[in-house]
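Here are a few exercises to work through with the model open in your viewer. Try each task before you read its solution.

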There are 2 protein chains.
Amino acid sequence: MNKKAVVKKIENLAKKIYEEFEFGSPSIEFIVRGSLKNIEYDVGKDIIRLKKSLGKREFFNLGHVRKFTQTIMVAALAKELLEKDKTASLREVYYQLKHTIPVVNENTFEEQAESDAIIEDLERTLGVIREQMHIKADRRGSVYGDITMRDRKRGDEWNCAKLGMGGWSIPSTIEDIDIVDVNTDYVIVVEKDALFERLVEEKLPEKLRAILISVKGQASRGARRLIHRLRYEHRLPVLVFTDGDPWGFYIYSVIKRGSMKLSHFSEYLATPDVKFIGMTMDDIEEYNLWNVTMKLKQVDEKRVKELMSYPWFKNNKAWQRQFRKMLKWKVKIEQDALASKSLEFVAEKYLPEKIEKEKFLT
Amino acid sequence: MNKKAVVKKIENLAKKIYEEFEFGSPSIEFIVRGSLKNIEYDVGKDIIRLKKSLGKREFFNLGHVRKFTQTIMVAALAKELLEKDKTASLREVYYQLKHTIPVVNENTFEEQAESDAIIEDLERTLGVIREQMHIKADRRGSVYGDITMRDRKRGDEWNCAKLGMGGWSIPSTIEDIDIVDVNTDYVIVVEKDALFERLVEEKLPEKLRAILISVKGQASRGARRLIHRLRYEHRLPVLVFTDGDPWGFYIYSVIKRGSMKLSHFSEYLATPDVKFIGMTMDDIEEYNLWNVTMKLKQVDEKRVKELMSYPWFKNNKAWQRQFRKMLKWKVKIEQDALASKSLEFVAEKYLPEKIEKEKFLT
């Protein structure tokens with residue numbers, strides 16, 4: 001969807017409200033935000049989807065008027081951003097709109113959480129993601145590999161394997177980035193920077209013709225969009241490599257199926273056929289890593305049980321097996337722990353062997 | 001100091017210990033780690049320096065033998081890394097060395113904190129920084145601007161203004177990076193990514209001929225080395241732009257004078273003549289930002305009082321004035337808060353005006 005189309009959507013919303021003022025009670029319809037209660041797991045597509053239940057905010061309703069007004073303010077700012085061809089961070093949106101309304105002496109927004117929520121509501125109301133409204137999330141993550149990109153707006157062009165060990169830093173929005181040329185066979189997503197640097201140092205991207213993406217914990221929206229585009233624009237298979245703990249497993253889950261909160265845009269942000277390469281509980285046995293496991297804490301245990309009950313893990317036998325082993329053994333394992341074998345082990349044995357034998361969880 | 005010289009230092013240490021075994025009690029001398037108690041503030045150089053007090057670890061001493069052995073293990077690994085021309089993260093070092101010693105049934109290292117501390121001790125014993133031993137800290141931070149860099153080892157060359165909005169991601173060690181060409185007049189260090197992206201979007205680096213460095217909170221060692229080198233290899237003045245709170249002020253302080261913990265290498269990591277451009281308490285008055293200040297929390301207040309008492313802030317009238325205002329008004333201000341004026345305000349008015357009038361704290 002191009003800029004003009006998004007502006008048009010905002011104008012249509014404004015027009016509708018303006019006309020409703022004639023008749024009495026203007027309102028904004030919105031789709032209720034995703035949570036475990038109102039999402040559904042699409043088994044066929046292996047994706048989390050929002051069960052759309054409509055809400056309504058009315059201007060002449062004391063309980064609604066604050067959020068109604070806030071929505072109009074955010075929509076007006078988004079329109080301005082689009083027309084000026086600027087982008088703004090979530091925090092900037094908050095500060096731009098925060099002020100005290102005279103006479104009633106009320107603040108438009110008290111906290112950023114308020115404006116963040118309104119931005120998400122507006123995404124669902126308009127059916128566009130915030131990046132299309134030129135509002136950016138935080139950026140995080142790096143890319144290394146033989147892939148050439150171009151910044152459409154600025155005209156810059158670069159190859160992500162020619163920027164030194166550090167690779168290319170993924171911006172908060174990649175909607176202006178074209179993927180010009182890809183000379184690789186697949187994508188490996190890595191949870192931690194240290195592993196990313198290890199694999200670059202060991203020349204794994206060159207040896208296996210792979211693109212490496214470091215997500216630094218939970219993948220940012222920019223990183224998820226990039227993974228999605230590499231999969232669907234360039235048909236590259238994607239492998240995810242995280243710690244063997246519930247937090248690592250959920251990083252994989254979000255890349256694959258989307259998050260509950262953003263379930264209204266799973267089709268846009270999720271990449272359903274990514275595969276999980278490790279670390280698994282089986283690895284601990286297979287590579288005898290008992291000496292470098294960590295004790296499963298109570299908070300980890302609680303989280304494992306939550307994951308086990310999610311619809312998309314519930315009927316997945318292979319994953320349930322991992323969860324049960326974790327609970328039985330009461331251990332977790334970091335990807336860095338492979339260094340206990342040797343620094344090269346992860347690049348020379350662990351990953352190539354798993355890829356060759358296709359030892360993946362899906 | 002080149003690789004060979006570092007290897008030589010490690011070999012000399014090993015040789016000394018080996019020879020001492022002949023006479024009875026081998027020992028390793030080390031310099032006690034920096035803390036508020038054993039550092040001194042060098043007023044002339046405006047830098048924190050370690051008051052060197054020597055410690056000694058003896059092999060035939062039950063209280064020392066664990067750390068003694070750990071030091072030998074880390075030194076041996078560092079030598080191996082240098083000879084193989086590999087680098088390792090702090091966590092990889094921990095996992096590489098962690099194992100159970102048979103017979104005594106004792107673990108070499110229980111936690112990463114143990115190996116981290118030994119690495120720091122060894123830095124002071126050998127007089128080299130960990131990067132020179134090929135051991136890396138975490139990486140964080142980005143660079144944007146008309147500066148050309150080359151990775152000596154890999155032969156890559158790039159310009160940091162030609163990689164799209166994201167800029168170049170600073171790796172954990174920049175010892176292999178040459179700064180080939182610099183077409184700018186100064187460096188602006190920014191605390192937050194969102195501000196970094198704002199300034200890139202507003203074309204401030206082009207308009208003011210500046211290099212932008214985003215440090216993302218406390219500056220990483222890689223970022224601090226880069227700032228240091230831009231100052232001393234290329235004579236660029238450096239301005240630091242952070243939140244107006246004790247944490248932002250301390251980011252500036254560490255870039256300028258080094259941290260207490262790393263005071264043994266201040267000359268290498270610190271950049272004494274950086275200047276602080278904002279945010280200040282005066283800014284709140286000058287630009288009427290009262291509406292977007294935040295309440296000073298108890299933990300902030302405690303931290304302000306600590307900063308006030310540090311030797312390098314104690315006799316600095318301009319800084320004491322800021323601290324007192326902060327405690328009196330009980331507010332702090334984020335750099336993002338400038339967006340309340342307009343998105344462009346920070347790039348079109350705030351920074352250029354402060355630079356033109358040289359309104360800096362030093």
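**Exercise 1.** In which sense do strand 14 and strand 15 of chain B pair, and over how many bridges?

*Solution.* A little housekeeping comes before the steps. This is a predicted model, in which local features need pLDDT of at least 70, side-chain atom pairs count only at pLDDT 80 or more, and totals for chains, interfaces and linings use all residues. Residues are numbered from 1 along each chain as its sequence is written, while chains are lettered from A and ligands numbered from 1 in the order in which they are written.

- Step 1: find the strands, which are DSSP runs of E with at least two residues, numbered from the N terminus (helices are runs of H or I with at least four). Strand 14 of chain B covers residues 186-190, and strand 15 of chain B covers 210-214.
- Step 2: check the pairing, which takes at least two DSSP bridges between two strands. Strands 14 and 15 of chain B pair in the parallel sense over 5 bridges. Tyr186(B), for instance, has Ala210(B) as its bridge partner.
- Step 3: look at strand 9 (residues 142-144) of chain B, which pairs with strand 15 of chain B in the antiparallel sense over 3 bridges. Here Tyr144(B) is bridged to Leu212(B).

**Exercise 2.** Decide which residues of strand 15 of chain B are buried on each face.

*Solution.*

- Step 1: count C-beta atoms, placed from the backbone, within 10 Å of a residue's own: 20 or more others is buried, 12 or fewer is exposed, and in between is partly exposed.
- Step 2: recall that side chains alternate between the two faces of the sheet in a regular strand.
- Step 3: sort the residues. Ala210(B), Leu212(B) and Ser214(B) are buried on one side, with Ile211(B) and Ile213(B) buried on the other. That fits the tally of 5 buried residues out of 5.

**Exercise 3.** Work out how chain A maps onto chain B.

*Solution.*

- Step 1: superpose by least squares on the C-alpha atoms of residues with pLDDT of at least 70 in both copies. A turn of 180° with a shift of 0.0 Å along the axis lays chain A on chain B with an RMSD of 0.0 Å.
- Step 2: read off the symmetry: the two copies are thus related as by a two-fold rotation axis. In chain A, Ser169(A) has the C-alpha nearest that axis, at 2.6 Å.
- Step 3: turn to the interface, where contact means C-beta atoms, placed from the backbone, within 7 Å. Here 41 residues of chain A are in contact with 41 residues of chain B. Among the elements of chain A that each supply at least two residues are helix 3 (90-97) and helix 5 (193-201).

**Exercise 4.** Track down the backbone oddities around Met279(A), Lys330(A) and Glu358(B).

*Solution.*

- Step 1: check omega. Gly278(A) and Met279(A) are joined by a cis peptide bond, with omega about -5°. Met279(A) sits in the loop between strand 17 (275-278) and helix 10 (281-286) of chain A. Chain B also has a cis peptide bond, between Gly278(B) and Met279(B), with omega about -5°.
- Step 2: check phi. Lys330(A) isn't a glycine, yet its phi is positive, about 55°. Lys330(A) counts as partly exposed, with 13 C-beta neighbours inside 10 Å.
- Step 3: do likewise for Glu358(B), another non-glycine with a positive phi, about 50°. Glu358(B) is exposed, with 8 other C-beta atoms within 10 Å, and lies in the segment after helix 14 (345-356) of chain B.

Technical notes. Contact = placed C-beta atoms within 7 Å.
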